[in-house]
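User: Could you take a close look at one part of this structure for me? I would like to follow a single buried spot and then see how the rest of the chain compares with what you find there.

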Amino acid sequence: MPQNAFVYLFVLLGFFAENTRAQDVEFRRSGRLILGTYTERTASVASGDLDGDGDMDLVVANGRHWPGQNRIFFNNGRGIFTVELPLGATRATTYATELADLDNDGDLDIAVGNDMAPNALFFNDGKGNFTERASFGKDYAPTRNLSLADLDQDGDMDILITNRGQPNEICLNDGSGNFPENLEFGSREDSTIDVEVSDMDGDGDQDLILANRDEQPNYVYLNDGALGFTEKIPFGSGKDNTRSVSVADVDQDGLKDILLANIGEPNVVCFGSRENPFTRSLVFDPEPADSFSIAVADFNQDGAIDIAVGNDGSTNTVFINPGQGKRWEAIPLASEELATYDIIAADLNQDGLPDLIEANSDALNRYYLNRIEN
């Protein structure tokens, strides 16, 4: 149970503010800490320094099944977003935006994944001005998520696309931000919603951790070093409706663990092991909520990995890890029951602490500034 978990309400400069706190970590929310005044069908949010001024900017993906306007929010250096630009002139059914230097020119570009519409690439001039140049992946696929990583270890960033009900794709970069070669990953029957990329077996190449819906088994697909993913390791119950996964060493044993955000069932961590990986698990969130997203960070700066979960129809919650993954303390972020399709951690106000950003469908997109009290 959370210790000293409560909500402060006060009025500051005409704004409603709320602080949520457990032990020595506190998440501050206010009417100023929002990304515009829009209530759109937001599906995801990504963070990075887009204009080269040293702070974290945000890109918001809107639409899902209906065309929406994607937006860039520029940070003023203090964790306030006072400048906004539309990303592209065309509205589409966007589920995901991810940031990486795709053309190797030293700045962050943007990949956009759309549902049943062509995906899009936007290239940065280094100052936060973006030009749409190309597409990637199969046109009109049911894309649900993107991950960016150097899978073939050739020094550039490749794109992984998860397609619900169709084959997932790996789009290989030619080094200049073009993606002429596509490979499939996972099973053609997978209902994959999320994929993480990490070296799970310690052999130096990048493996794939798939979150599958529709009561399909979740798997780690091991890379053979040549982008072959024939060997796989199951994790979870085998019949989970998993919406999101994350990877971290939560029990501090030097092995990577997998954290699952599940729909209609408790959320769990599956522990890494040298002999029987991911067979030992622990429930960190016992509520059978519809959990749509998960993020990890050391929120209270005690050296242990904590968890943030975004839910649909119930309170979003941070789980503080005080005991090497053996027990967890829950901090509700706010009292609303939102449809949070994505939640991420990033240091927005440059104080060295990970803050939290929500991507909410049909509600304001909020963020919370982290404070640690000594």
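Analyst: Happy to. Let me begin with a cut-off: a residue counts as buried when its relative accessible area is under 20%, as exposed when it is over 50%, and as partly exposed in between. Ser 147 has a relative accessibility of 10%, so it counts as buried. Please keep in mind that this is a predicted model.

Ser 147 belongs to strand β12. A polar atom of its side chain lies 2.7 Å from the backbone oxygen of Val 195. Leaving aside neighbours within four places in sequence, Ser 147 is in contact with Val 195 itself, and also with Val 197, Asp 158, Ile 159 and Leu 160.

The strand that holds Ser 147 leads us to the largest pocket. β12 (143-149) is one of the elements that give two or more residues to the lining of that pocket, and the others are β4 (42-48), β8 (94-100), β16 (192-198), β20 (242-248), β24 (290-297) and β28. The pocket has a volume of about 830 Å³. Its lining consists of 35 residues, and those nearest the centre are Glu 98, Leu 146, Glu 196, Asp 342 and Ile 344.

β28 (338-346) also appears in the largest nonpolar core, where β5 (57-62), β29 (355-360) and β30 (367-372) likewise give two or more residues. This core has 15 residues, and the members that touch the most others are Leu 35, Val 45, Leu 58, Phe 81, Leu 348, Ile 357 and Tyr 367. Take Phe 81 as an example: beyond four places in sequence, its contacts are Leu 35, Met 56, Asp 57, Leu 58, Phe 73, Phe 74, Asn 75, Leu 348 and Tyr 367.

Two further buried residues are worth a visit. Thr 317 sits in strand β26 (residues 317-320) and is buried, with a relative accessible area of 11%. Its side chain reaches the backbone oxygen of Thr 315 at 3.3 Å. Not counting residues up to four places away, Thr 317 touches Ile 307, Ala 308, Val 309, Ala 330, Ile 331, Pro 332 and Leu 333.

Phe 235 lies in strand β19 (residues 231-235). Its relative accessible area is 1%, so it is buried. Beyond four places in sequence, Phe 235 touches Ile 209, Leu 210, Asn 218, Tyr 219, Val 220, Val 245, Ile 258, Leu 260, Cys 270 and Phe 278.

Now for two loop residues with an unusual backbone angle. Most residues other than glycine have a negative phi. Leu 227, which is not a glycine, has a positive phi of about 65°. Leu 227 is in the loop between β18 (218-222) and β19, and it is buried at 17% relative accessible area. Gln 301 also has a positive phi, near 55°. Gln 301 is found in the loop between β24 and β25 (306-314); with 42% relative accessibility, it counts as partly exposed.

Finally, a word on confidence. The chain averages a pLDDT of 92, and 94% of the residues score at least 70. Over residues 1-19, however, the pLDDT is below 50, although this stretch has 49 contacts in the model beyond near neighbours in sequence.

Methods
Residues are numbered from 1 along each chain as its sequence is written. This is a predicted model: local features need pLDDT of at least 70, side-chain atom pairs count only at pLDDT 80 or more; totals for chains, interfaces and linings use all residues. Side-chain values use heavy atoms; hydrogens and water are left out. A nonpolar core is a set of buried Ala, Val, Leu, Ile, Met, Phe, Trp, Tyr and Cys residues joined through side-chain atoms within 4.5 Å. Buried means under 20% relative accessible area, exposed over 50%, partly exposed in between (1.4 Å probe, protein chains only). Helices (H or I, at least four residues) and strands (E, at least two) are DSSP runs, numbered from the N terminus. Contact means heavy atoms within 4.5 Å. A polar contact is a pair of N or O atoms within 3.5 Å; within protein, one must be able to donate a hydrogen and the other to accept it, and residues adjacent in sequence count only if both atoms are side-chain atoms. pLDDT is the predictor's confidence in each residue, from 0 to 100. On a 1 Å grid over the protein atoms alone, a cavity is a set of points where a 1.4 Å probe fits but cannot get out, and a pocket is an open set with protein on both sides within 12 Å along at least five of seven lines; lining residues have an atom within 4 Å of a point. Grid points are joined across faces, edges and corners, and a volume is the space filled by probe spheres set on the points.
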